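Biologist: Could you take me through one part of this model in detail, the enclosed space inside the protein and the helices around it? I would like a connected account that I can follow with the structure open.

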Amino acid sequence: MNPTGQMLVAQEQQACILKLVGDVRVNLCKTFDEFITSVHVQGRDHVIVDLGEATNLDSTTLGLIAKLALYCRTEMGFDLQIFCPTDDVMQLLNTMGIQHIAHVERGTCLKCGGYTELSELELQESDAKQRVLDAHQILMSLNQENQDRFKDLVAHLQGQESC
């Protein structure tokens with residue numbers, strides 16, 4: 001297992017399943033963001049995020065999960081379904097408020113095999129900063145606690161943009 005995290009994808013009838021494995025961090029944010037865009041193009045009517053093998057998700061990854069949930073709801077007309085069997089990761093989701101914009105279930109996804117790894121896309125520093133900023137602004141839109149939690153980071157990143 002890759003200790004830095006992996007993103008795997010599988011298709012099951014009209015569902016697209018994204019499986020996050022290991023410690024998923026900002027280095028995969030471009031890959032994740034491109035996946036979000038591709039979901040609509042694929043014409044799926046159901047998107048599942050399987051967190052059964054995720055050991056940790058950084059705040060940028062959580063922001064991208066929120067972005068995917070909002071995209072599914074507003075652009076595709078259905079709620080993202082998230083399977084999460086571990087208490088630690090479930091607590092992260094709940095702390096961020098993701099349960100308010102997605103259907104979060106305690107348990108594992110039944111899909112077995114047939115996954116393809118999404119290759120980590122090259123990430124330039126300026127692109128990374130913008131994606132991190134966007135992800136955290138999405139988290140801030142979910143609740144007041146996130147606004148308080150990420151306001152300094154967002155202000156710092158916005159200050160760097162103007163340099």
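**The largest cavity and its helices**

Modeller: The largest cavity is lined by Asp33, Leu64, Lys67, Arg131, Asp134, Ala135 and Ile138, where a cavity is, on a 1 Å grid over the protein atoms alone, a set of points where a 1.4 Å probe fits but cannot get out, and lining residues have an atom within 4 Å of a point. Two elements, α2 (59–76) and α4 (125–140), give two or more residues each to this lining, helices here being DSSP runs of H or I of at least four residues and strands runs of E of at least two, numbered from the N terminus. The largest share, 4 residues, comes from α4. By character the lining divides into 3 nonpolar residues, no polar ones and 4 charged ones; Ala, Val, Leu, Ile, Met, Phe, Trp, Tyr, Cys and Pro count as nonpolar, Asp, Glu, Lys and Arg as charged, and the others, Gly among them, as polar. The volume of the largest cavity is about 40 Å³, and the count comes to 1 cavity of 30 Å³ or more, with grid points joined across faces, edges and corners and a volume taken as the space filled by probe spheres set on the points.

This is a predicted model, in which local features need pLDDT of at least 70 and side-chain atom pairs count only at pLDDT 80 or more, while totals for chains, interfaces and linings use all residues. Residues are numbered from 1 along each chain as its sequence is written, and side-chain values use heavy atoms, with hydrogens and water left out.

Turning to α4, its 16 residues should span 22 Å at 1.5 Å a residue, and its end C-alpha atoms are 22 Å apart, which agrees; the expected span is 1.5 Å times one less than the number of residues. The buried residues of α4 include Arg131, Ala135 and Ile138, where buried means under 20% relative accessible area, exposed over 50% and partly exposed in between, with a 1.4 Å probe and protein chains only. Arg131, Ala135 and Ile138 are also among the residues that line the cavity.

The other main contributor, α2, has 18 residues and reaches 24 Å from its first C-alpha to its last, close to the 26 Å expected at 1.5 Å a residue. Its buried residues include Leu64, Ile65, Ala66, Leu68 and Ala69, and Leu64 is one of the lining residues. Glu75 also has its place in α2; leaving aside neighbours within four places in sequence, Glu75 is in contact with His40 and Leu70, contact meaning heavy atoms within 4.5 Å. Glu75 and Gln6 are 69 residues apart in sequence and 26 Å apart in space, C-alpha to C-alpha. Just after α2, Gly77 takes a positive phi of about 80 degrees.

A positive phi also follows α3, at Gly97, where it is near 90 degrees. The buried residues of α3 (residues 87–96) are Val89, Met90, Leu93 and Met96. Seen down the axis of α3, these buried residues fall within an arc of 135 degrees, so they line one face of the helix, the arc being that of the directions from the helix axis to the C-beta atoms. The face turned away from that buried side carries the exposed residues Asp87, Asp88 and Gln91.

Technical notes
1 Å grid on protein atoms, 1.4 Å probe; cavity = no way out; pocket = protein on both sides within 12 Å on 5 of 7 lines; lining within 4 Å.
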